[in-house]
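Reader: I'd like to go through this model with you and ask how each label is earned. Could you put it up first?

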Amino acid sequence: MNRLLMLNGPNLNLLGAREKDIYGTQTLADIESAVKETVLQAGYDIDCFQSNHEGELIDLLHQGNGVYEGIIFNPGAFTHTSIALRDAIAAIDVPVIEVHLSNVYAREAFRHTSVLAPVCMGQITGLGPEGYHLAAKALMHVKGRREFNVNTKN
Ligand code: DQA
């Protein structure tokens, strides 16, 4: 069965309790089970992991190479800082979509830069949990249509 990987980075284990006015009331487990439903309906399966550790996220990206059709990735604050995660995304052949619950461009200036977006297939920001579903749908559609992937790995 075709599989997707959903990765969530630091502090996203606290969803539902953390800054609810920004990130909403759904827990990560709520979001993961809803996204799983979306992908199962499309005949795919999904593995979900969360880590607060940059190195662990890098290992999961490496291990996903050749295993997954696509990766949905909310890198949390590492989005704005981690060249090591950027290099890991660039090093693998799996398309990655960067997802943020909040609209990072409507927030503090330090959140306006993603060092990862240039090596991702795309970025979804500000649509809450729906962003993960949209990323899953895009990754399932994009199979066989990689020619649209003009900004990947450059
Ligand atoms: C976030 C946005 C990041 O700037 C922040 O550090 C997060 C969550 C989001 O989902 O909106 O931890 O990735």
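Reader: Leaving aside neighbours within four places in sequence, what is Val35 in contact with?

Author: Keep in mind that this is a predicted model. Val35 is in contact with Met6, Ile46, Tyr132, His133 and Ala136. Contact here means heavy atoms within 4.5 Å, so each of those five names has to pass that cut-off against Val35.

Reader: What makes the set with Leu4, Val35, Val39, Ile72 and Tyr132 a nonpolar core?

Author: A nonpolar core needs buried residues of the nonpolar kinds, joined through side-chain atoms within 4.5 Å. The largest such set has 23 residues, and those five have the most contacts inside it. Being members, they count as buried, which means under 20% relative accessible area.

Reader: Which element gives the most to this core?

Author: That's α5, with six residues. β1 (3-8), α2 (28-41), β4 (96-100) and α5 (130-142) each supply at least two. Another core, of 20 residues, lies apart from it, with Phe73 and Val115 among them.

Reader: Now the ligand. Why do Asn74, Ala77 and His80 count as making polar contacts with it?

Author: The cut-off for a pair of N or O atoms is 3.5 Å. An N or O atom in the Asn74 side chain is 2.8 Å from a ligand oxygen, a polar backbone atom of Ala77 is at 3.2 Å from one, and a polar side-chain atom of His80 is at 2.7 Å. Each value is within the cut-off, so all three qualify.

Reader: How much of the ligand's accessible area does the protein cover?

Author: 99% of the 320 Å² that the ligand has on its own. The residues around the ligand include Arg18, Tyr23, His100 and Arg111.

Key
Residues are numbered from 1 along each chain as its sequence is written. This is a predicted model: local features need pLDDT of at least 70, side-chain atom pairs count only at pLDDT 80 or more; totals for chains, interfaces and linings use all residues. Side-chain values use heavy atoms; hydrogens and water are left out. Buried means under 20% relative accessible area, exposed over 50%, partly exposed in between (1.4 Å probe, protein chains only). Helices (H or I, at least four residues) and strands (E, at least two) are DSSP runs, numbered from the N terminus. A residue is near a molecule or strand if one of its heavy atoms lies within 4 Å of it. A polar contact is a pair of N or O atoms within 3.5 Å; within protein, one must be able to donate a hydrogen and the other to accept it, and residues adjacent in sequence count only if both atoms are side-chain atoms. Accessible areas come from the Shrake-Rupley method with a 1.4 Å probe; for residues, only the protein chains shown count as cover.
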